[in-house]
Amino acid sequence: MSEQHNTPRDEQHNTPRDAQHDAAQPTSPKPRILVTGATGFIGRNLVPVLERSGFEVVPLSLRGWRDEPFPSGIAAVVNLAGKAHDLDGTSAPDEYFRINTELAERAYSAFLASDAGTFVQLSSVAAVNEESVSGVLDEDAEPHPVTPYGKSKLAAERLLLAVEQPQGKRVVVLRPTMVHGPGDPGNLGLLFGLISRGIPYPLDAFSGERTFVSVGNLSWAISEILRDDRVATGIYNVADDDPIATSALVDIIGRVTGRRVRHLRIPQGLIRFGARIGDVVPAVPLNSRRLAKLTEDFRVSGARLLSALGAERMPTSTIDGLTSSVRALADARNQPTPAVRSEPAAHDR
């Protein structure tokens, strides 16, 4: 479908004759991209990037969708609809499979019957591993999801990739690692809330490093995939270039907020005991899953996607991306009204 979604990266300087000739030609329509889950955290950040890249975004809510055909003239589908990871563990397992697996399969069936040539499915590294990683996680790792969220994401991937692709169509499955950015409802906000109030950082006894991905880098990757056909059908991790220790992330929060961060080396056993209390008492902000996401080694490689895109690095560095996200959190805190957040049970991200 290269003729549908290739867009010129650079404008040529026309001579006066060229300009007159171009003015007489009809304006080429912008490639139309159908985006499900466009009102969620990722969607709200992705849509402006796509529009600045020369695409026309057609948002579609799958809430109450009854398998109606997708609009005609669509060049690609970006499926962001899904139920986000519930770190409190309060959601029913079948809800994940109904939204993350069955709804994705239905959207993919509608794509196959449409004019679109590309289907981008937003999955997650949780489809492979949700705990600590020995070494660096790449796309060849054997999947071992442990939660209904991860299992439902893996099931969707397998359903989509099991279908033989018709001529002129491709499906690109993206596995972003922990995503952060403006409107981030996740663990970065939890850390920010602690440090910005002057509460000491209590996890300095842990030394794990994690790979994040800024929502800006994720949006850039999706936009680039839609531009042309360099990225073939398959699975691709999406990650910032460098991992970072949580203690270093805490220092970024301190610099942005002007807070002097106090680091406490509380014994790991005591911290883990407190997290187990959080597993059964929702009022406790730290539970075992949140502790793992903040402290365990979880390094992810995004090299396969960068290679397919012909790029060496992501456009935004790890430090710059995290600094920008923390500034967005600080700005939201200073607003007179609360920052917009995704509905936790909605069919968007």
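A residue is taken as buried when its relative accessible area is under 20%. By that cut-off, helix H6, which spans residues 187-196, is mostly covered, with 7 of its 10 residues buried. The structure discussed here is a predicted model, and helix H6 offers a convenient way into it. The buried residues of H6 are Asn-187, Leu-188, Leu-191, Phe-192, Gly-193, Ile-195 and Ser-196. Their cover includes strand S7 (178-180) together with three helices, H8 (246-257), H10 (288-295) and H12 (318-334). Just after H6 comes Gly-198, whose phi is positive, at about 80°.

Turning to the protein as a whole, the model holds 12 helices and 12 strands. The protein has 349 residues, and 50% of them count as buried. Its accessible surface comes to about 16,800 Å², with 51% of that area belonging to carbon and sulfur atoms. Among contacts with a separation of 6 or more, 83% are between residues 24 or more positions apart.

Confidence deserves a word before the details. The mean pLDDT is 87, and 86% of the residues reach 70 or more. Two stretches call for caution. Over residues 1-25 the pLDDT stays under 50, and the model gives this stretch 34 contacts beyond four places in sequence. Residues 337-347 also have a pLDDT below 50, with 28 contacts in the model beyond near neighbours in sequence.

The interior comes next. In soluble globular proteins, nonpolar side chains tend to be buried together. In this model the largest nonpolar core has 34 residues, and the members that touch the most others are Ile-33, Val-78, Leu-174 and Leu-226. Several strands supply at least two residues each, namely S1 (32-36), S3 (74-79), S4 (118-122), S6 (170-176) and S10 (234-238). Helices H3 (41-52), H7 (215-227) and H11 (303-309) likewise each supply at least two. The largest share, 6 residues, comes from H7. Another core lies apart from this one; it has 24 residues, including Met-178, Phe-192, Leu-203 and Ile-253. Phe-192 of this second core is also listed among the buried residues of H6.

Ile-33 gives a closer view of the packing in the largest core. With neighbours within four places in sequence left aside, Ile-33 is in contact with Leu-50, Phe-55, Glu-56, Val-57, Val-58, Ala-75, Ala-76, Val-78 and Leu-226. Of these partners, Val-78 and Leu-226 are named with Ile-33 as the core members touching the most others.

Charged side chains add another layer, with a count of 14 salt bridges. In one of them, the side chains of Arg-304 and Glu-139 meet at 3.8 Å, N to O. Arg-304 lies in helix H11 and Glu-139 in the loop between strand S5 (136-137) and helix H5 (148-161), so the pair ties together parts that are 165 residues apart in sequence. Arg-304 counts as partly exposed because its relative accessibility is 36%, whereas Glu-139, with a relative accessible area of 12%, is buried.

Which residues do salt bridges with shared partners join into one network? The network consists of Glu-224, Arg-227, Asp-228 and Arg-230. Within it, the side chains of Glu-224 and Arg-227 meet at 3.1 Å, N to O. These two residues are 3 residues apart in helix H7, so about one helical turn separates them. Glu-224 counts as buried at 8% relative accessibility, and Arg-227 is buried too, with a relative accessible area of 12%. Asp-228 and Arg-230 form a salt bridge as well, at 3.0 Å, N to O. Here Asp-228 is buried at 16% relative accessibility, while Arg-230 is partly exposed, with a relative accessible area of 35%.

Finally, the surface carries a nonpolar patch. Leu-270, Phe-273, Ile-277, Val-280 and Val-281 form this patch, and together they have about 470 Å² of accessible area. Ile-277 is found in helix H9, which covers residues 268-280. With 37% relative accessibility, Ile-277 counts as partly exposed.

Notes:
Residues numbered from 1 in each chain as written. Heavy atoms only, no water. Patch = residues over 30% accessible without salt bridge, like charges linked within 9 Å, V, L, I, M, F, W, Y side chains within 5 Å. Areas by Shrake-Rupley, 256 points an atom, 1.4 Å probe, with all protein chains shown as cover. Salt bridge = Lys/Arg side-chain N within 4 Å of Asp/Glu carboxyl O. Helix = DSSP H or I, 4+ residues; strand = E, 2+ residues; numbered from the N terminus. Buried < 20%, exposed > 50% of the residue type's maximum accessible area, 1.4 Å probe, protein only. pLDDT = per-residue confidence, 0-100. Contact = heavy atoms within 4.5 Å. Core = buried A, V, L, I, M, F, W, Y, C linked by side-chain atoms within 4.5 Å.
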